[in-house]
Amino acid sequence: MKLFEVDESVSATQQPGFEQSLPARLEALFRVSQAISVHRNPKELFRVLAKELRQVVAFDFVAIFLYEAEKNKVRTALLETVEGPDFLIPDDFPAEETITWWIYNHQQPVVISSRDSESRFPRMMKLFEQSDMQAACVFPLTTAYRRLGSLGFGARRPNTYSSDEVRYLSLVAGQVALAVDNALRDDEQRTGEVFLEEGQKLSHTGSWVWNFTNGDLKWSREHFLIFGADPENDKPTAALFWSRVHPDDRDWLEKLVNQTVSEKREFEQEFRLVLPDGTLKYVSGIGRPVLDEAGTLTAFIGTTMDITQRKRAEEELRKQKAHFEKLFELAPEAIVLRDFENRILRVNREFTNLYGFTSGEALGRNIRDLIVPEGHWEESEKLREALERGERVDAELTRKRKDGSRLIVSFSAAPVKVEGNTPEIYGIYRDITERKRAEEALRRSEAYLSEGQRLSHTGSWARCVSSGEVYFSQESYRIFGFDPNTKVTFNMLVGRVHPEDRAGVRETIEKANHETHDFELNYRIILDDGSIRHLHVLGHPVRKPDGSVAEFIGTHVDITGQYLSRKALEDAFAEINTLKEQLFQENVALRQEIDETSMFDEIVGKSAALQKALKELETVGPTDSTVLILGETGTGKELIARAIHNLSSRRDKAFVKVNCAAIPTGLLESELFGHERGAFTGAIAQRIGRFELAHHGTVFLDEIGEIPLELQPKLLRVLQEREFERLGSSRTLKTDARLIAATNRDLSELVAEHKFRSDLFYRLNVFPIRVPALRERPEDVPLLVRHFAEIFSRRMGKLIQSIPADTMSALMAYDWPGNVRELQNVIERAVILSSRGVLRVSPAELKATSTSVPSNSEVAPAARPKRVRSAVPPLTRNQIEQALRDSGGRVGGVDGAAARLGLKRTTLIAQMKRHAINAASVSAPPIDTVKPL
């Protein structure tokens, strides 16, 4: 708000003659001082000032220019012009080029004798020229407290102001500066009072002063209104104050006031008022003591704020919050309030019921660590990012309980502001596990039914009796050759029936409709391509509660294949019976030969533990699935891998083996994926990696647990995307290599220790096969002993004819920490040391071996059993006869020849038939402690 304004130009009158005597000027200065003390209005004061000064000083205009430093702007506050155009400074005129700016900063007057000779203010001189001004005298307006601007006098004649006039006008400028400063302060005070009163009105805050010197109380207008008093007629008194205070608050409030006065301290307190009309108000009072230099309490000043609306809002908010709290706790769904860092802020009772975590256990925890299963963290992070963007989320998720069990939940969440301005995530979880199971069971049931109908060539149908509408299953559509999108009618169905069968079909159906009973019939249908199908049809009536038939339901069975194959089956039956016995006998011998004497490559054994592994091998071999072979060192994991390869369709392609533990870490990547020339120091030529070499074949990674973490993502990429790059190359290569991995370590423990990637483990663990340790299949030891003894004796040119019983017992009793490899080495040493055809291994040698070789305790987890055949090596005629002699000619039994050789009775009989050996013709030898080989 402007304090001063530019006055209109005074009417042009002949300026009276100037009185330049010192008494006249002093008298004029005295009158100016009187006018300053009398006139508070700046405009009137300036009129008087201009009138008095025109008597003693020549000027054509006089003006006050104020400089606003914070805005860097000069404005014309007051102007008196004798005649001619006004001298005004434009609003966009640069402040730094004005005379006032220069005077404000230098605090010196500026006297311009002629505008033509003035060079300090060129742009101002252009304004002088526009107003026809020649001379000017400008003085600083400054008080002891602040700088204001300038007081300027201008004349249209050059050299107007002498040094005496400059000194005189400097005195005038000092008087004017005081008057302007007073006017500005009055205006600022009035503005402040207006602002204060309006601010108190808007904020419902009244102010008060309690003067302890004279006991007076002063209240602002708003304070009167808050207390329901009349600012014009009521007087602020203590009695008026206490009469408005709520009776229940008077005693404690009075004690508080007395205490704060005695302790000379500030106070802040909320209390209630009761107005004369019964209105209840809540107010907040604040008081601060005023002390003099001696520390004596002279007054209390403070404010009283009407907080009734706030209190009512708080009460309403409290009620809403209590209602929300009740709804939150009693909600039938689990509710979680969390921040955008996934920290749980609050959970309700149903959350505990659903997940098992109490409120104390959940608060402050990261919800991902609490209920999100491993493998679902990326999905959880994407949902959090969507919520952070302000999106609403609805999803079906898998979560985990405190006990580790999984459940399926329906999750709905949105960002909300519950308390304060920080947005939070409000999430609702509903357990839909049973619903999903029911849906899955229904889906499976429908799929099984559809697949069962397809496999059994059985379609289902229904026909409404009242409307004649017909329902066909997918298989029925296929049987009749109808388009599944076609609506089937009874006439269409009958139109497909063979003409020779049509009358019988109509008669049967009409009879069933009339008598409402089950029916069964066979007939033929003719398809569009002229082919004939034979059908077997069943029908059953479905009755309403009143006994009437609502619809018929039934099945169509396509028996065309049965019909066409029946004659061929009958013709072949006689031949089958003829050959049955012969084939059966040959098949038994052959199966025994295959099951118990043949091998998968060099895998020897017939134990249940080994059979389980071999059955799994036989199952997964023909597929292209990744296989993880688990087992201790020396159990023959490589033989299993080779057998899997040989059973697959890739058997004619390369089988590439890589021992991950035997290759230095820095070279393993190059070994697996190859490198380009110059890819690293020493890479003098391009090299093809094992995966590229095994294209369309099989890669066997032995000791997979030794692959460094930094290389595992690349291996995972090969498994998932079947692509890689050589070291030093940006070209992506494709590979169609099947991966078989083996390890004697527990990969799940390595995952838990963050030494092996979980995603790579899950990708490798598609079909795990556990190779049992030798101590888990002691019944295979005799077979392996004979197998290795025969191999090494043939290799060394020795003849091993028998194995002593104590040697075999010791070998079977030993726990073989080094497994088959250790047994192989022991037998090789025993063959070397054996003499006179007897294989001997002393228990002392096994104990010495046991103490020198640490036991491998890393046993891989068991895999699911699969179907397979085991194998044993063939026996020589001498071995069989020696066993018969040792058993006294007995084939079966505990001490029979079969048990001594570690074979089934039927297998030994088959071997005896092959060698034409008769057990009765073999005489019993004298008692000996040697087992035949």
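## Exercises on a predicted model

Arg836 sits in the loop between α28 (819–833) and α29 (843–852); helices (H or I, at least four residues) and strands (E, at least two) are DSSP runs, numbered from the N terminus. Before you start: this is a predicted model, where local features need pLDDT of at least 70 and side-chain atom pairs count only at pLDDT 80 or more, while totals for chains, interfaces and linings use all residues. Residues are numbered from 1 along each chain as its sequence is written, and side-chain values use heavy atoms, with hydrogens and water left out.

**Exercise 1.** Work out what is unusual about the phi of Arg836, and whether Arg836 is buried or exposed.

*Solution.* Start with the backbone: the phi of Arg836 is positive, about 60°, although the residue is not a glycine. Next, take the accessibility. Arg836 counts as exposed because its relative accessibility is 80%; the cut-offs are under 20% relative accessible area for buried, over 50% for exposed, and partly exposed in between (1.4 Å probe, protein chains only).

**Exercise 2.** Do the same for Asn159: where is it found, and what is its phi?

*Solution.* Asn159 lies in the loop between β5 (147–155) and α5 (163–203). Its phi is also positive, about 55°, and again Asn159 is not a glycine. With a relative accessible area of 58%, Asn159 is exposed.

**Exercise 3.** Describe how α19 and α20 pack, and say which residues meet.

*Solution.* Two numbers get you going: two packed helices are described by the angle between their axes and the distance between the axes. For α19 (residues 608–620) and α20 (residues 637–647), the angle is about 35° and the axes are 8 Å apart. Here axes are lines fitted to C-alpha atoms, for helices over the stretch in contact, and angles run from 0 to 180 degrees between N-to-C directions.

Now the handedness: α19 and α20 make a right-handed crossing, meaning that the near helix is turned clockwise from the far one by less than a right angle; anticlockwise would be left-handed.

Finally, the side chains. From α19 come Leu614, Leu617, Glu618 and Val620, and they meet Ile640, Ala643, Ile644 and Leu647 of α20, with contact meaning heavy atoms within 4.5 Å. Sorted by type, the contact of α19 with α20 has seven nonpolar residues, no polar ones and one charged. (Ala, Val, Leu, Ile, Met, Phe, Trp, Tyr, Cys and Pro count as nonpolar, Asp, Glu, Lys and Arg as charged, and the others, Gly among them, as polar.)

**Exercise 4.** Step just past α20 and place Ser649.

*Solution.* Ser649 belongs to the loop between α20 and β22 (655–659). Its relative accessibility is 57%, so Ser649 counts as exposed. In sequence, Ser649 and His696 are 47 residues apart, yet C-alpha to C-alpha they are 9.4 Å apart in space.

**Exercise 5.** Which residues of α30 are buried, and what follows the helix?

*Solution.* Walk along α30 (residues 877–886): Gln879, Ile880, Glu881, Ala883, Leu884 and Asp886 are buried. After the helix comes Gly888, with a positive phi near 70°.

**Exercise 6.** Zoom out and sum up the chain: how many helices and strands are there, and what share of residues counts as buried?

*Solution.* The protein chain has 32 helices and 31 strands. Of its 933 residues, 42% count as buried. As for contacts with a separation of 6 or more, 60% are between residues 24 or more positions apart.
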